[in-house]
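Here is a brief report on side-chain pairing and burial in one model. Have the coordinates open as you read.

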Amino acid sequence: MSKKIERFEDLVAWQKARKLTSNIYAASNLGGFASDFGLKDQIRRAAVSIMSNIAEGLERGRPTESHQFLSVAKGSCAELRSQLYVALDAGYMNSYSFGRLMGQASEVGQILGGLRASVERRRPVFRT
């Protein structure tokens, strides 16, 4: 029997998103990445958005709202992955760093997909 999660900090998805965000901040402070203010700010906003929307979705409590916020978090995760390609192609990170961050982002996205599916099963069904 699984226990009910009451604090967003207890969610594995949020914990992993927090670690990803920390790693994105560190990577975007290095070399040319640090001086590309547009990309640096955008990738950081995407990372923070993942964490924030997971937290807000859980705190909302209603399945319909939770699902919406988890969807936004998953979209931000895709945005972050796309921006990682930009950083790689611009030479701001090596393939090892890219792979490590991409792996983290992919894992967070998969967890979010599972959470969304779980919340979807709890959503009320409206029949016309």
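## Salt bridges and a buried threonine

Glu107 has 32% relative accessibility, so it counts as partly exposed (buried is under 20% relative accessible area, exposed over 50%, partly exposed in between, with a 1.4 Å probe and protein chains only). The model is predicted: local features need pLDDT of at least 70, side-chain atom pairs count only at pLDDT 80 or more, and totals for chains, interfaces and linings use all residues. Residues are numbered from 1 along each chain as its sequence is written, and side-chain values use heavy atoms, with hydrogens and water left out.

**Salt bridges.** Side chains of opposite charge can pair when their charged atoms come close. Here a salt bridge is a side-chain nitrogen of Lys or Arg within 4 Å of a carboxyl oxygen of Asp or Glu. The whole structure holds four of them. The table lists three, including the one made by Glu107.

| Pair | Closest N and O atoms |
|---|---|
| Lys16 and Glu107 | 3.2 Å |
| Glu56 and Arg60 | 2.7 Å |
| Glu65 and Arg60 | 3.2 Å |

Which parts of the chain does the Lys16 and Glu107 pair link? Lys16 is in helix 1 and Glu107 in helix 5 (residues 95-122), 91 residues apart. Helices are DSSP runs of H or I, at least four residues, numbered from the N terminus. Lys16 is partly exposed, because its relative accessibility is 31%.

**A network on helix 3.** Glu56, Arg60 and Glu65 are linked in a network of salt bridges. Glu56 and Arg60 both sit in helix 3, four residues apart, or about one turn of the helix. An α-helix has 3.6 residues a turn, so residues three or four places apart point the same way. Each member of the network is partly exposed: Glu56 has a relative accessible area of 33%, Arg60 has 37% and Glu65 has 25%.

Helix 3 covers residues 37-60, 24 residues in total. Its expected span is 1.5 Å times one less than its number of residues. That gives 34 Å, and the end C-alpha atoms are 33 Å apart, which agrees. Gly61 follows helix 3 and has a positive phi, near 85°.

**Thr21.** Is Thr21 buried or exposed? Thr21 counts as buried, because its relative accessibility is 7%. Thr21 lies in helix 1 (residues 12-27). Leaving aside neighbours within four places in sequence, Thr21 is in contact (heavy atoms within 4.5 Å) with Ala47, Val48 and Met51.

Note on methods:
Helices (H or I, at least four residues) and strands (E, at least two) are DSSP runs, numbered from the N terminus.
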